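Welcome! Here are some short exercises to work through with the structure in view. Try each task before reading its solution.

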Amino acid sequence: MLALKDVHVYYGAIHALKGVTLEVKEGEIVTLLGANGAGKSTTLKAISALLQPRSGEIIFDGCRLHRVSAQEVVRMGISHVPEGRRIFANLTVLENLELGAYLRRDRREVASALDEVWRHFPRLKERQKQLAGTLSGGEQQMLAIGRALMMRPRLLLLDEPSMGLAPLLVKEIFSIIQEINRRGTTILLVEQNVHSALQVAHRGYVLETGRIVLAGSAEELSGSEEVKKAYLGG
Amino acid sequence: MAELVQQLINGLTLGGIYALIALGYTMVYGIIQLINFAHGDILMVAAYVAFFAITVLKVGVVPALVLAVVFCALLGVAIERIAYKPLRQAPRLAALITAIGVSLFLENGGLWLLGTDFRSFPPGTVNNYTYTLLGGTVRITSMQLLILALTLLVMVILQYIVHYTKVGKAMRAVAYDKEAAALMGINVDSVVSVTFALGSAFAAVAGVLWGLYYNTVHPLMGLMPGLKAFVAAVIGGIGIIPGAMAGGFFLGIIEALVSGYGSSELRDPVVFILLILVLLFRPAGLLGKDTVEKV
Ligand SMILES: Nc1ncnc2c1ncn2[C@@H]1O[C@H](COP(=O)(O)OP(=O)(O)OP(=O)(O)O)[C@@H](O)[C@H]1O
Ligand SMILES: [Mg+2]
């Protein structure tokens, strides 16, 4: 469904991605692991066209995403939940979700997408009139995911959804991610919480200073000495 | 008492015009953090468009106003695209200096093209009745009523757009976080254009009203109201829409009271002293504290 081939991304003179190659197949949860500054967020931003790669190819559904706008990427069925949630704190919960469906014209489709979000996150429904900035951290993460689901994406990019959440909430978020996947959405999951990520993912990649250094099934990665040493504390 | 009511009426009229102009400053600031110094000159362009529509094309006030609004909305969008958009990633000072440049361009272009003459609208352009209230001691003109009505109408329309329409929600989203807005599929450039179009359209309404109210048009006529409206936007809290409205009315009333009870020579110094006081004690503006709303 999605393939990156030898993607290079620069921030000015900084060479952030040095030839990233990876693949996500329809129906999978694929996790992208790596230390701070490895280039995980940069990879997601390149996919959602917030950044333009200097070279290499990004292919989605057989189409090369070359010089496309972020808007076109959303329209093609890729939604990106950015690191740090980035909800619109000055808008209400409902308005945030409506903006998630910005490119949808059919009101009935928006309404049914909204129903689906309420089903995943009943807590948001109770708070729909509240300003998003007044939500708790966990609720804000749910809103960020819900907002991305409003487009009914075929591929969901999640950037550290468990960041800053208490263990119980982390569990809840990961079970929701699995549920979303079970209903047919393919997921590319960036995480620092390696343990939880490998529990839900089918496959994974390890990124180190802009390069993929390891790839394999979730079991293989969980068993790998390198991953254990670097991230699982033993 | 009658004197006070009279000054309040005069102040609200003037303040309404300031508020209309201040809205454009504050909306543009809210969305791209730029003080658009050319904003006051849009007002001058609008007054000339209306003036020539009335004197040359011989149309009525309403078509002239519509023409001015459309022309200035397009001009605002063009200025943003040509002068400011290439600098969106540049340091803010660069865009600010460019804005001053655009302002000088419009002013000197106006002087070169139109000369330094003050021009007046032909007599009878607007039917100017005077109504008396409170037993004849308070006077309000039809022009003042028109200004107040148009100002309130524009404000209601703007509130509706910002809060209840898709593009309004997109404007608030872009003002808050451009990158996150882009991830929603919002075309940030279009939203910025819409913001300039709206702000310039409001300034155009203000410009035509100003020209008719004082019955003069001149290439530098945008300077003072532009500056005052900027002060109003800062006093209300730059970036906050209700702040621009409140700041505009507040400033208009203060000016009317100072001219009415003190002297009109004190008017401008008082305005700028007020600005300094606000910047010293409430730099976020009078409405700037608990309001999260930008745009
Ligand atoms: N806007 C930017 N300008 C310059 N350099 C940047 C920018 N954003 C990221 N970088 C650099 O690119 C590299 C990769 O950053 P990236 O944000 O992708 O890392 P990450 O793997 O997501 O890290 P984290 O786990 O901390 O979120 C880092 O060295 C970072 O300093
Ligand atoms: Mg990151």
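Two strands pair if DSSP finds at least two bridges between them. Keep in mind that this is a predicted model.

**Exercise 1.** Find which residue stands opposite A3(A), and trace how the strands around β4(A) pair.

*Solution.* Start with strand β1 (residues 2-11) of chain A, which pairs with strand β4 (residues 55-60) of chain A in the antiparallel sense over 5 bridges. Here A3(A) has I59(A) of β4(A) opposite it. Next, move on to strand β5 (residues 63-64) of chain A, an antiparallel partner of β4(A) over 2 bridges. In that pairing, I59(A) stands opposite R64(A). Finally, look at the turn: β4(A) and β5(A) form a hairpin with 2 residues between them, and D61(A) in the turn has a positive phi of about 55°.

**Exercise 2.** Identify the protein donors of the magnesium ion (ligand 2) and say which parts they tie together.

*Solution.* The donors are S41(A), through OG, and E83(A), through OE, at 1.9 to 2.0 Å from the ion. S41(A) belongs to helix α1 (residues 40-47) of chain A, while E83(A) sits in the loop between β6 (78-81) and α3 (93-100) of chain A, so the pair ties together parts 42 residues apart in sequence.

**Exercise 3.** Decide whether S41(A) is buried or exposed, then look at the helix around it.

*Solution.* Buried means under 20% relative accessible area. S41(A) has 18%, so S41(A) is buried. By contrast, E83(A) is partly exposed at 33%. In α1(A), 7 of the 8 residues are buried, so the helix is largely enclosed by the rest of the structure. Among the buried residues are K40(A), T42(A) and L44(A). After α1(A) comes A49(A), with a positive phi near 65°.

Key:
Residues are numbered from 1 along each chain as its sequence is written. Chains are lettered from A and ligands numbered from 1 in the order in which they are written. This is a predicted model: local features need pLDDT of at least 70, side-chain atom pairs count only at pLDDT 80 or more; totals for chains, interfaces and linings use all residues. Side-chain values use heavy atoms; hydrogens and water are left out. Helices (H or I, at least four residues) and strands (E, at least two) are DSSP runs, numbered from the N terminus. Donors are N, O and S atoms within 2.8 Å of the metal (3.2 Å for Na, K and Ca); water is not among the atoms, so sites may look incomplete. Buried means under 20% relative accessible area, exposed over 50%, partly exposed in between (1.4 Å probe, protein chains only).
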